[in-house]
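Okay, thanks for coming, everyone. I'd like to walk you through a protein you haven't met yet, so let me put it on the screen.

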Amino acid sequence: MKILDKYLLKTFLLTFTTVFVILFFIFILQTVWLFIAELAGKDLDLFLVLKFLLFSMPRIIPLVLPLSVLLASIMTFGNLAENYEFAAMKASGISLQRAMRGLIVFICFLSIVAFFFANNVIPYAEYKFINFRKSIAQAKPAMAIAEGQFSDVGFYNIKVNKKSGKNGNKLTDVTIHEKANNSGENKTVIKSKTGELISNDKSSILQLVLNDGYYYQDVTPKKYEDRSKMPFIKGAFKKQIINIDLSELNKVDDNQDIGNTNGMLNASELRYTLDSLTKNLDTEILSFSENINQKVGIAKGIPTAKLDKKKKALPNDILSLYANDKKSEILKVASSNLTSAMYSIDTTKNELKEKQRNINRHLTALYEKFVIAFACFLMFFIGAPLGAIIRKGGLGLPIVFAVLIFITFHFINTFGKRISQEDGLTPFMGAWMSTFILTPLAVLLTYRATNDIGLINMDTILAPLNKLFKKLSEKFIPSQNKT
């Protein structure tokens with residue numbers, strides 16, 4: 001039996017490795033396509049491009065690994081069934097479970113490796129990846145600005161006709177549009193003959209030194225009739241320094257910033273962070289409830305009996321105790337206090353919701369490390385019996401089934417995580433939803449493959465239809481035997 005286990009393991013490993021390499025290459029190309037704007041037109045040398053891709057590779061593993069296991073399982077067992085090797089094994093008294101035993105051990109080992117990879121390698125690579133994107137302009141600030149086109153750099157759009165110098169930090173013919181704070185209009189334009197980019201590895205500020213230039217600023221008059229004259233301010237300078245925050249040079253996409261660290265932590269660090277975040281949220285809720293009670297005049301610890309006695313002593317209309325001018329003043333103060341309290345409640349509510357979302361993101365990141373490991377196990381128990389049932393190997397039908405199943409798995413997984421982050425589901429249910437839904441499919445396929453039942457029993461579907469057509473034909477088509 002060891003010969004059979006070695007044969008199956010060798011066949012599976014060869015298929016798995018081939019599929020993994022092909023899929024990994026495809027996903028790397030997708031990564032290049034997503035970040036092409038950061039790589040193109042910035043004079044990046046080959047070493048920095050390879051470093052950029054190296055840090056982005058580990059984040060692809062959670063997608064590639066389960067899909068590779070699924071496709072390799074379908075192809076391996078499909079080839080065995082197509083070539084009647086399974087029939088020979090069953091004739092020798094070897095069941096499907098016995099044939100899968102050696103591969104199950106390997107998949108268990110692969111799941112453990114996937115967990116340790118997700119828990120240690122991916123957080124480290126994510127940290128390096130994000131910080132590399134943040135510091136790419138600090139290492140070579142000229143990379144943030146391309147020649148002959150406007151580059152979005154923080155609060156400025158900068159265009160230069162030519163870059164020179166060792167690191168391209170010498171600029172010629174510089175045009176700068178300063179972004180307005182509250183509108184999309186560029187009301188300030190700065191032009192200079194030359195410029196220089198100066199950065200320091202220990203500083204987060206990039207200095208843009210401009211020489212021999214002018215600036216133009218549009219002015220919006222307070223009177224509407226004067227706006228048609230389009231007044232502006234013009235000034236000249238010999239030297240001007242613009243400070244640019246480097247954190248704005250390479251904005252992080254994927255709804256993830258440098259402060260959102262859930263993807264950079266391992267399981268133990270996530271548990272520690274979650275404990276701190278939860279305690280902080282509980283403290284803020286308690287503090288806000290006490291403050292709002294004091295603001296609206298609810299005293300803490302006053303017995304109910306005393307309040308009832310006071311209510312009995314007071315008239316029904318408290319305002320009747322005051323004169324008309326005092327009534328108006330009291331109502332204005334009460335309305336102002338109510339508006340202030342409502343605004344404070346709404347603002348704090350949004351802040352607490354955002355903190356709860358952050359907690360949910362950390363919980364989801366913690367559960368995902370275990371989901372990746374279980375997904376490999378689950379995909380094997382879907383792919384192996386499915387390959388034995390369809391009895392088809394190669395790259396045709398197995399790819400169709402693998403893509404459909406994995407798209408379903410990935411869609412449910414993404415949907416569950418999004419819903420859980422908004423408190424529509426618990427983070428546990430959101431992270432594990434896809435596995436909970438597909439586990440019955442794995443059990444069903446394993447049962448049908450073990451008992452030599454096809455994927456779909458056509459007789460159970462066609463028999464009622466045949467009876468129906470037979471009854472209809474007897475009713476509407478006269479029998480030829482009748483005279």
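I'll start with the overall picture and then stop at a handful of residues.

First, a bit of housekeeping. This is a predicted model, so to speak: local features need pLDDT of at least 70, side-chain atom pairs count only at pLDDT 80 or more, and totals for chains, interfaces and linings use all residues. Residues are numbered from 1 along each chain as its sequence is written, and side-chain values use heavy atoms, with hydrogens and water left out.

So, what is the protein built from? We have 12 helices and six strands. Those are DSSP runs, numbered from the N terminus: H or I with at least four residues for a helix, E with at least two for a strand. Of the 483 residues, 36% are buried. By buried I mean under 20% relative accessible area; exposed is over 50%, and partly exposed is in between, with a 1.4 Å probe and protein chains only.

On the outside, the protein exposes about 29700 Å², and carbon and sulfur atoms supply 61% of that. The area comes from the Shrake-Rupley method with a 1.4 Å probe, and for residues only the protein chains shown count as cover. Then there are contacts, meaning heavy atoms within 4.5 Å. Take the contacts with a separation of 6 or more: 69% of them are between residues 24 or more positions apart.

Now, the inside. A nonpolar core here is a set of buried Ala, Val, Leu, Ile, Met, Phe, Trp, Tyr and Cys residues joined through side-chain atoms within 4.5 Å. The largest one has 57 residues, and those with the most contacts inside it are Phe12, Leu70, Phe77, Phe86, Phe380 and Ile382. Which helices feed into this core with at least two residues each? They are H1 (2–34), H4 (61–82), H5 (85–91), H6 (96–139), H9 (324–390), H10 (397–421) and H11 (427–450). If you click on Leu70 and skip residues up to four places away in sequence, you'll find that Leu70 touches Met379, Ile382, Gly383, Ala402, Ile405 and Phe406. There's also a second, separate core of 16 residues, including Val153, Val174, Ile176 and Ile244.

Let's look at helix H3, residues 46–56. Its buried residues are Leu48, Phe52, Leu53, Phe55 and Ser56. Looking down the helix axis, these fall within an arc of 165 degrees, so they line one face of H3; the arc is taken from the directions from the axis to the C-beta atoms. On the face turned away from that side sit the exposed residues Leu46, Phe47 and Leu54.

Is Ser56 buried or exposed? Buried, because its relative accessibility is 0%. Its side chain reaches the backbone oxygen of Leu53 at 2.8 Å. That's a polar contact: a pair of N or O atoms within 3.5 Å, where within protein one must be able to donate a hydrogen and the other to accept it, and residues adjacent in sequence count only if both atoms are side-chain atoms. Leaving aside neighbours within four places in sequence, Ser56 is in contact with Thr31 and Phe129.

Something similar to look at in helix H9 is Thr364. Thr364 counts as buried, at 3% relative accessibility, and a polar atom of its side chain lies 2.8 Å from the backbone oxygen of Asn360. Not counting residues up to four places away, Thr364 touches Lys417, Ser420 and Pro427. Ile390 is in H9 too. How far is Ile390 from Ala81 in space? The answer is 8.2 Å, C-alpha to C-alpha, with their positions 309 residues apart in sequence.

Over to the strands. Gly195 is in strand S4, residues 188–198, and is buried at 6% relative accessibility. Its contacts beyond four places in sequence include Asn169, Val174 and Leu210. Asp173, in strand S3 (170–178), has a phi near 55 degrees, a positive value in a residue other than glycine. The phi of Asp212 is also near 55 degrees, and Asp212 lies in strand S5 (205–218).

Last stop, the cysteines. With a disulfide taken as a pair of cysteine sulfur atoms within 2.5 Å, the count comes to zero. Cys108 is partly exposed at 33%, whereas Cys376 is buried at 0%.

That's my tour, thanks for listening.
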